[in-house]
Amino acid sequence: MQQNKTNTLEVDETGEEAVNDNIDSTPTHAINLGNIVDSSGERVTLADEKIAIEVSDFNLFYGDKQALKSINMTIPEKKVTAFIGPSGCGKSTLLRCFNRMNDLIDSVSVNGQIKIDDRDIFDKTINVAELRRRVGMVFQKPNPFPKSIYENVAYGLRIQGVNDRRTLDAVVEKSLKGAALWDEVKDRLDDLAMGLSGGQQQRLVIARAIAIEPEIILLDEPASALDPISTLKIEELIYELKEKFTIVIVTHNMQQAARVSDYTAYMYLGELVEFNDTSTLFTNPNEKMTEDYITGRYG
Amino acid sequence: MSKNDISITESVLPDFNSAKARNHRNKRHINDVITRYLMSFGGVSVIIAIVLIAFYLFYVVFPMFMPAKVKEFGNYAVPGDVQQRTIYFTMEEQHEIAIRVTDKGEVVFFETKDGSVRDKLKLPIPENVEITSFSSGDPTQRTLALGLSDGSVILFQHNYQVTYPNDERLITPGLFFPYGETPTSLFDEATPINFLTVQYDGEMATIIAVSESAKAKILNITREESFLSDEVEITRKQSELLLETPSLVSMRMDVEQRDLYVAGSGGNIFFYDISNKSNPSLVDKVRAVSSNERITSLEFLAGGISILVGDSTGKISQWFPVRNEANEYSLEKVRSFNKNKSPIVSIVPEYFRKAFVAVDEKGHLGLFHTTAERVVYFSKLKQDNVEAIGIAPRANAIVYQDSNTDSLHYLDVHNKHPEISWKSIWGKVWYESRAGPEYIWQSSSASSVFEPKFSLTPLVFGTLKAAFYAMLIAMPLAILGAMYTAYFMAPKMRQVVKPTIEIMEALPTVILGFLAGLWLAPFVEKHLPGTFMVFILVPLSVLAAAALWEFVPERIKHVIPEGWEAVLLIPVVLLSALTAILLSQPVENLFFGGNMPLWLSTELGITYDQRNSLVVGFAMGFAVIPTIFSISEDAVYSVPKHLTSGSLALGATPWQTMVRVVLLTASPGIFSAVMIGMGRAVGETMIVVMATGNTAIMDLNIFQGFRALSANIAVEMPESEVGSTHYRVLFLAGLVLFIATFCFNTVAEVVRQRLRNKYSSL
């Protein structure tokens with residue numbers, strides 16, 4: 001957690017004490033952190049939110065090693081929820097459970113429940129492919145397919161059997177606009193996606209994810225491989241995306257978590273230590289452990 | 001602080017300028033330089049080795065395409081009586097001694113290098129009788145005959161005895177009269193013989209003579225030695241031949257004494273069958289030249305099958321009898337040479353090759369080869385007006401006499417490979433006695449006057465056929481297997497399967513070929529319907545097993561861990577294959593009358609060879625599968641996980657991910673796997689040598705064999721004489737393989753690079 005030591009946490013205009021630790025070395029960009037305040041100016045609390053994902057008594061094992069220990073949490077709908085915590089704390093593992101990407105890893109076993117739409121996603125009757133269509137995911141490293149920009153975005157639709165060119169054209173345009181990439185690529189949709197810059201690739205991947213109209217988008221450290229300007233663009237995009245989608249983001253960058261998320265969960269060694277609205281968690285954490293982490297005492 | 005203690009603040013590295021540090025840096029630098037040069041040396045050596053191999057192949061092949069070289073070695077006054085006209089020249093095997101026959105019956109043996117007379121003999125011509133015609137039999141028999149003005153013929157041979165007194169070669173020339181020195185009379189009255197043709201092979205002689213009044217007689221003399229005693233019985237048969245034309249230009253009889261060709265002054269050629277000496281018959285009559293031209297020369301090509309017709313425009317055409325479906329012969333014009341522009345004076349065939357020398361009125365000398373349709377050499381002689389010309393048996397020397405200066409010219413000829421031309425190697429060639437132009441490879445035969453057929457086309461075809469059937473079997477199995485192993489199989493199982501298949505590659509192909517030829521070929525022949533049913537039954541059973549698996553209760557399914565399901569298919573595949581083989585006999589009895597190969601040939605007209613392309617496809621497919629499997633498996637396996645995750649995370653099923661993302665990304669690797677496999681199939685030798693009949697036929701039929709370029713080299717190289725045309729053609733085959741492989745690999749590499757640029761991700 002070296003990087004976090006040098007980070008500065010900015011605080012919102014409520015004037016609460018800054019948890020500054022060091023001189024800010026990253027460019028400051030003005031993000032309205034009012035996102036943790038709803039339109040009425042009232043503080044939102046978890047209890048008031050509609051639930052998108054409900055995790056109860058969830059345990060996950062890699063072979064004999066327990067990676068997630070009895071996690072209980074509810075992730076609110078159409079909000080940005082951030083998972084923070086030191087490396088190996090299980091935040092990415094938990095994220096990957098929401099669309100069952102952990103199935104791909106051998107020797108993973110789970111117990112407990114994760115409910116989306118009141119259905120346990122580990123139920124035998126669940127169609128994993130359909131679950132993943134509904135729960136989109138963006139990875140740390142941009143992973144466009146070796147296809148054209150157009151085909152990358154259309155990919156999700158094509159595998160759903162949508163091949164009508166006009167429908168695809170419309171969805172590709174809408175998705176690229178939704179991912180704030182349209183203006184940059186509209187003249188070269190047939191170029192290979194690999195020709196885009198890292199930040200553009202990541203936005204392309206997001207466009208690809210939103211093209212199939214998921215309900216939830218999981219972001220697994222989406223900006224960690226990007227430069228500060230691209231990171232800014234992604235963060236702005238996340239802010240826009242939450243209008244339509246429930247977003248869960250894993251990040252190492254606490255500043256980012258503070259900037260983009262409405263709620264933040266702090267995990268440590270496979271346990272959920274604290275889960276609260278971002279403002280509270282960063283300014284007035286309940287747990288000593290959380291405070292130690294966000295103030296950079298360890299990580 | 002003690003000496004052993006290392007303080008954190010104190011650097012453990014020696015000072016940059018210290019001797020130790022400098023030494024270390026020097027050593028490091030030297031290692032660096034040595035390694036760099038070693039690497040460059042290795043790389044450059046490989047390139048040099050390849051270039052040298054290519055160069056050596058070119059070096060061996062190149063002489064075949066060189067034109068012949070002709071150089072005048074001697075020029076001296078005609079030995080013997082200059083006043084007499086020369087009617088015949090030839091040389092003995094070593095071209096040390098030449099013979100000159102004159103129109104007054106003088107035979108002069110002389111040294112070719114300076115013209116000094118070795119021996120001078122007078123033929124036994126009676127008083128007041130003149131020589132009116134001359135004939136030479138097949139040059140290899142060395143039989144000559146003179147037609148005399150009294151209607152009789154003298155037959156004689158020129159012979160050379162080689163002795164080694166004082167360890168030096170001494171050639172003693174001499175004459176031999178097989179039927180005595182007394183001329184044999186053919187005509188009752190004393191009429192001059194104007195045209196004469198003879199053949200004598202030691203056992204039988206045939207003399208055909210045409211008198212001044214155009215009466216033609218055939219005399220056949222056979223000698224038979226009795227088994228019990230030394231008695232020799234000589235039988236003479238005489239008959240008359242009715243000529244179609246009274247005016248002749250020339251007349252020639254073949255070496256077998258069966259065919260007679262008569263060139264009439266009207267430009268026609270009459271082809272007689274004289275195999276029955278007492279009843280000769282006209283087989284065909286053709287017009288050999290257009291109406292205002294005349295035939296000036298008629299000569300057999302070596303072997304006595306083709307005749308060469310020289311005309312007054314300088315054209316030389318080759319004709320031979322071709323048999324049609326009704327078993328009738330007709331004389332066909334096969335090819336012609338238009339190099340000479342003035343009337344052909346003389347055509348002299350080579351002794352053993354299908355080549356000849358021709359001279360025209362203006363003194364142009366040409367060396368031609370009929371099979372290759374090639375003018376090997378063409379040039380104007382120093383002196384025109386060639387009176388007579390002769391060639392050495394090995395075609396390495398020519399003597400000719402010009403009537404301007406009456407001097408004799410001895411030419412050294414370097415003409416090793418006239419039978420090779422682009423057309424004779426790649427094109428359709430009309431070979432002697434064939435019905436039409438064909439692609440044939442037949443490099444040798446028992447006969448010394450055999451026409452070698454060096455068409456590489458059927459061999460290239462065979463190579464491609466072998467590769468095609470091998471790839472047909474190997475490609476789907478290897479690529480699909482690789483896809484499954486890399487993408488779906490449990491890692492533990494993959495750890496067993498992959499090395500096992502890779503070990504298959506280490507199996508010597510000679511063993512595969514041996515098994516294919518001696519075990520698989522008879523097995524497939526015996527179970528032919530079963531073999532084909534395997535292709536249908538096995539995939540169907542696999543599909544059926546997969547469908548059944550869906551209905552298996554979860555409890556039992558869980559016994560088999562994910563990715564291990566393929567193990568269950570092993571008994572399914574084995575059982576279904578066994579069933580197919582067991583069903584073979586009943587199916588054969590039911591539908592194919594108990595014998596499918598026979599049924600194929602009688603009902604469908606498809607010939608069935610036991611060692612056929614199907615067997616090669618199996619064996620070579622087996623040999624190629626590990627290569628293609630291993631490389632494609634690596635390609636599929638190394639598709640970045642983040643791509644497959646990306647696809648799966650978008651709701652794609654594993655199969656959709658495989659087809660739409662993994663295969664696409666792995667395509668450069670799979671492509672190069674296929675190309676490398678193809679290269680192996682093309683160059684593979686032992687399997688095709690052992691599992692095919694090695695018949696050089698061009699036929700796509702899967703039930704027939706073929707002969708591949710590589711197999712051809714392996715089979716024929718031990719028998720070919722070093723430096724011969726055959727030897728060089730085999731090297732050419734090697735060069736073709738080399739170039740083909742080079743092109744294959746270059747194309748593969750270029751395509752692979754382009755695909756990789758396109759599809760490699762990040």
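This section describes a pocket, a set of aromatic and charge–ring contacts, a run of paired strands and two backbone outliers in a predicted model.

The second largest pocket has a volume of about 1,200 Å³. Its lining comprises 49 residues, and those closest to the pocket centre are I87(B), F134(B), R252(B), E299(B) and S346(B). Seen by element, two or more lining residues each come from β2 (86-91), β6 (131-136), β11 (193-200), β15 (248-253), β19 (295-300), β23 (344-349) and β27 (386-391) of chain B. The largest contribution is that of β6(B), which supplies 6 residues. In terms of residue class, the lining of this pocket contains 24 nonpolar, 17 polar and 8 charged residues.

Over all chains, 31 aromatic pairs are present. In one of them, the ring centres of Y179(B) and Y200(B) are 5.6 Å apart with the planes at 75°, and the pair is therefore edge-to-face. Y179(B) belongs to the loop between β9 (170-176) and β10 (184-185) of chain B, whereas Y200(B) is part of strand β11 of chain B, so this contact ties together parts 21 residues apart in sequence. Y179(B) and Y200(B) are both buried. A second pair, Y351(B) and F352(B), has its ring centres 6.3 Å apart and its planes at 55°, so the arrangement is tilted. Y351(B) counts as buried because its relative accessibility is 7%, under the 20% limit. F352(B), with a relative accessible area of 32%, is partly exposed. Elsewhere in chain B, one aromatic cluster is formed by Y56(B), Y59(B), Y727(B) and F731(B).

Charged side chains are also placed over aromatic rings. K453(B) lies over the face of Y431(B), 5.3 Å from the ring centre. For R494(B), the charged end sits over the ring of Y637(B) at 3.6 Å from its centre.

Strand β4 (residues 106-111) of chain B is mostly covered, with 6 of its 6 residues buried. In a regular strand, side chains alternate between the two faces of the sheet. In β4(B), E106(B), V108(B) and F110(B) point one way, while V107(B), F109(B) and E111(B) point the other way, and all are buried. On one side in sequence, strand β3 (residues 97-102) of chain B pairs with β4(B) in the antiparallel sense over 5 bridges. Within this pairing, F109(B) in β4(B) has I99(B) opposite. The two strands β3(B) and β4(B) make a hairpin with 3 residues between them, and G105(B) in the turn has a positive phi of about 85°. Strand β5 (residues 117-122) of chain B likewise pairs with β4(B) in the antiparallel sense, over 5 bridges. Here, E106(B) stands opposite K122(B) in β5(B). A hairpin is again formed, with 5 residues between β4(B) and β5(B), and G115(B) in its turn has a positive phi of about 85°.

Most residues other than glycine have a negative phi. E221(A) departs from this, with a positive phi near 45°. E221(A) is located in the loop between β7 (216-220) and α8 (228-241) of chain A. With a relative accessible area of 8%, E221(A) is buried. A positive phi near 45° is also found at H95(B), another residue other than glycine. H95(B) lies in the loop between β2 and β3 of chain B. At 19% relative accessibility, H95(B) counts as buried, since the limit is under 20%.

How values were computed:
Residues numbered from 1 in each chain as written. Chains lettered and ligands numbered in written order. Predicted model: local features only at pLDDT ≥ 70, side-chain atom pairs only at ≥ 80, totals over all residues. Heavy atoms only, no water. 1 Å grid on protein atoms, 1.4 Å probe; cavity = no way out; pocket = protein on both sides within 12 Å on 5 of 7 lines; lining within 4 Å. Points joined across faces, edges and corners; volume = space filled by probe spheres on them. Helix = DSSP H or I, 4+ residues; strand = E, 2+ residues; numbered from the N terminus. Nonpolar A, V, L, I, M, F, W, Y, C, P; charged D, E, K, R; others polar. Phe/Tyr/Trp six-rings, centres within 6.5 Å; stacked < 30°, edge-to-face > 60°. Buried < 20%, exposed > 50% of the residue type's maximum accessible area, 1.4 Å probe, protein only. Lys NZ or Arg CZ within 6 Å of the ring centre and 35° of its normal. Pairing = 2+ DSSP bridges.
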